[in-house]
Amino acid sequence: MNYNDMIRYYTEEKRLKETVKISEEELLKQRDFIGKIRKFNEDYEKKNNRKRTMHISTFGCQMNAHDSEKLQGILEEMGYIGCDDEMKADVVIYNTCCVRENAENKVYGNLGYLKHSKEERPDMKIILCGCMMQQDTVIDTIRKKYRHVDIIFGTFNLYKMPELLYTNIMTGSPITDIWKEHGEIAEDLPSVRKYKYKACVNIMYGCDNFCSYCIVPYVRGRERSRRSEDILKEVRSLAHDGVKEIMLLGQNVNSYGKNLGENITFAKLLKMVNEVEGIERIRFMTSHPKDLSEELIYAIRDCDKVCKHIHLPFQAGNNEILRRMNRKYTKERYLELIGKIRKEIPGIAVTTDIMVGFPGEGRKEIEDTIDVIKKVGFSNAFTFIYSKRTGTPAAIMEDQVEEDIVKENFNDVLKALNEIILEINKEKVGKVFSVFAEEVSMGNSEFLTGKTDDNTIVHFRGSDDMLGNFYNVKITDCKTFYTVGEIVEEN
Ligand code: SAH
Ligand code: SF4
Ligand code: F3S
């Protein structure tokens with residue numbers, strides 16, 4: 001199958017006509033398994049005078065982190081408690097990522113260490129799930145070289161974890177359960193939030209864009225949106241629990257709603273979430289530049305709770321590279337879009353993703369990327385070195401770039417970025433911003449870390465009883481990736 005046929009196969013023949021939810025009956029069945037394992041764990045506690053423990057490691061993006069919150073919720077309902085040291089936990093889960101090779105290597109490395117723990121404590125359960133598991137070659141490697149793994153499941157059947165764990169406990173045999181493609185969405189899974197006052201909400205799953213370097217569409221399946229009523233129900237319930245900031249998640253939120261019977265767009269959804277009482281800030285990621293509508297720009301401008309920040313990955317500045325990446329926009333179109341956004345929403349912060357080293361990208365091409373960095377003035381950016389992903393069209397392109405050229409280009413991109421980010425941050429010194437106190441600062445418990453509406457990280461003096469509130473903070477100092485400030489008066 002050539003590239004065009006492949007895309008047609010995936011996006012047309014397998015395009016989902018409608019979002020389907022996993023049946024109530026199926027979820028009840030899983031609840032039953034949760035109850036059975038809970039009983040085992042209660043008996044274990046009575047006999048051994050300690051609760052069974054769990055440790056979950058997340059290797060991927062916010063989608064994966066959000067899946068891990070669901071896994072943790074399920075394990076807590078089973079009676080497991082958290083354990084900081086994975087070598088000592090009774091259940092260890094690796095929720096994996098395969099977007100770049102180094103994410104995969106980390107998983108293999110860590111699995112090697114776990115082997116000794118499993119030999120010492122054969123009762124320990126080692127579970128692998130997430131994107132990496134959707135690749136056949138990975139499953140083969142694990143089953144051959146990492147025989148101490150008990151359970152493997154993928155991205156489409158996370159909700160079945162209770163049944164798989166129960167079956168493994170009863171039979172003692174390793175289980176691999178990978179679904180190749182599945183359109184169903186599981187609503188109402190138990191979930192544990194990492195933060196008390198902010199939460200992520202999935203609005204859609206999968207991706208149909210097939211950027212030529214990216215593995216996500218193959219491991220996360222076709223794009224499917226959650227019904228707006230389910231999203232709003234979840235947001236209202238989070239608000240009821242005291243959550244004030246919501247992050248709406250999707251690989252490409254701009255195409256939200258396409259496979260729903262409802263007459264809805266992402267802009268309309270934003271307006272609906274904006275009405276939910278108790279929610280004070282709304283963020284979202286990620287937007288794809290190819291289909292960012294005027295309607296969305298107006299919605300960001302008009303919804304008072306939607307933060308004045310947009311994450312808009314541009315990846316590369318050279319038009320030929322963008323064409324081969326299958327991104328479906330040009331450098332000029334991207335710059336024009338930024339102009340339009342800034343005209344409607346003055347002061348909006350723009351952040352981005354940049355990839356360096358895509359096949360065919362030499363010194364000349366990287367100048368276009370640096371030009372975009374300088375022209376846009378990003379407040380922050382995630383930068384990645386291109387990683388060849390087997391099965392993607394870019395992996396078989398002939399002009400893969402030599403490592404030393406990639407490194408040199410990467411350093412130049414970082415230099416240009418860091419200069420501009422620092423410049424933008426410096427403009428904030430002396431000004432007062434409303435900062436949402438999100439967590440106690442890592443490494444200094446006398447400081448809190450929060451964010452401004454435009455996503456600037458601010459450290460300021462405070463104590464944990466202040467978390468979840470907004471403070472007027474005057475920025476006193478700045479570094480490239482954060483600022484420091486002091487409270488001037490409470491909101
Ligand atoms: N859906 C989002 C991105 C999800 S992946 C979007 O399109 O904006 C996050 C980032 O990982 C991408 O923006 C890209 O910069 C990077 N990425 C994806 N595949 C990669 C690869 N093969 N090598 C290096 N970086 C990659
Ligand atoms: Fe990957 Fe492109 Fe989809 Fe983002 S939009 S997940 S980069 S294929
Ligand atoms: Fe996210 Fe990695 Fe999967 S970036 S969608 S966890 S491949």
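In the description that follows, Ala, Val, Leu, Ile, Met, Phe, Trp, Tyr, Cys and Pro are classed as nonpolar, Asp, Glu, Lys and Arg as charged, and the remaining residues, Gly among them, as polar. The structure is a predicted model, and its ligand surroundings are considered before its backbone geometry.

By this classification, the shell around ligand 3 comprises five nonpolar residues, three polar residues and one charged residue. Cysteines 61, 97, 98 and 131 belong to this shell, together with Val99. Gly60, Asn64 and Gln251 also surround ligand 3, as does Arg220. Because Arg is classed as charged and Gly as polar, Arg220 can be assigned to the charged class and Gly60 to the polar class.

The surroundings of ligand 1 are formed by 15 residues, of which Gln251, Pro313, Gln315, Asp353 and Ser387 come nearest. Gln251 is thus named in the surroundings of ligand 1 and also in those of ligand 3. In terms of residue class, the shell around ligand 1 divides into seven nonpolar, four polar and four charged residues. Secondary-structure elements contribute to this shell: strands β15 (349-356) and β16 (380-385) each provide at least two of its residues.

Polar contacts to ligand 1 involve both side-chain and backbone atoms of the protein. An N or O atom in the side chain of Asp353 is placed 2.6 Å from an oxygen atom of the ligand. For Gln315, a side-chain N or O atom is found 2.7 Å from an oxygen atom of ligand 1. The contact of Tyr213 is made through the backbone, where an N or O atom lies 3.1 Å from a nitrogen atom of the ligand. Ligand 1 taken alone exposes 540 Å², and 90% of this area is buried by the protein.

Several loops carry notable backbone geometry. The peptide bond joining Met285 and Thr286 is cis, with omega at about 10°. Thr286 is situated in the loop that connects β13 (281-285) with α10 (294-302).

Positive phi values occur at two asparagines. Asn326, although not a glycine, has a phi of about 65°, and this residue lies in the loop between α11 (319-324) and α12 (331-344). The relative accessibility of Asn326 is 15%, so this residue counts as buried, the limit being under 20%. Asn455, likewise not a glycine, has a positive phi of about 75° and is located in the loop between β18 (447-452) and β19 (457-461). With a relative accessible area of 24%, Asn455 is partly exposed.

Definitions and conventions
Residues numbered from 1 in each chain as written. Chains lettered and ligands numbered in written order. Predicted model: local features only at pLDDT ≥ 70, side-chain atom pairs only at ≥ 80, totals over all residues. Heavy atoms only, no water. Near = heavy atom within 4 Å. Polar contact = N/O pair within 3.5 Å; in protein donor to acceptor, adjacent residues only side chain to side chain. Areas by Shrake-Rupley, 256 points an atom, 1.4 Å probe, with all protein chains shown as cover. Helix = DSSP H or I, 4+ residues; strand = E, 2+ residues; numbered from the N terminus. Buried < 20%, exposed > 50% of the residue type's maximum accessible area, 1.4 Å probe, protein only.
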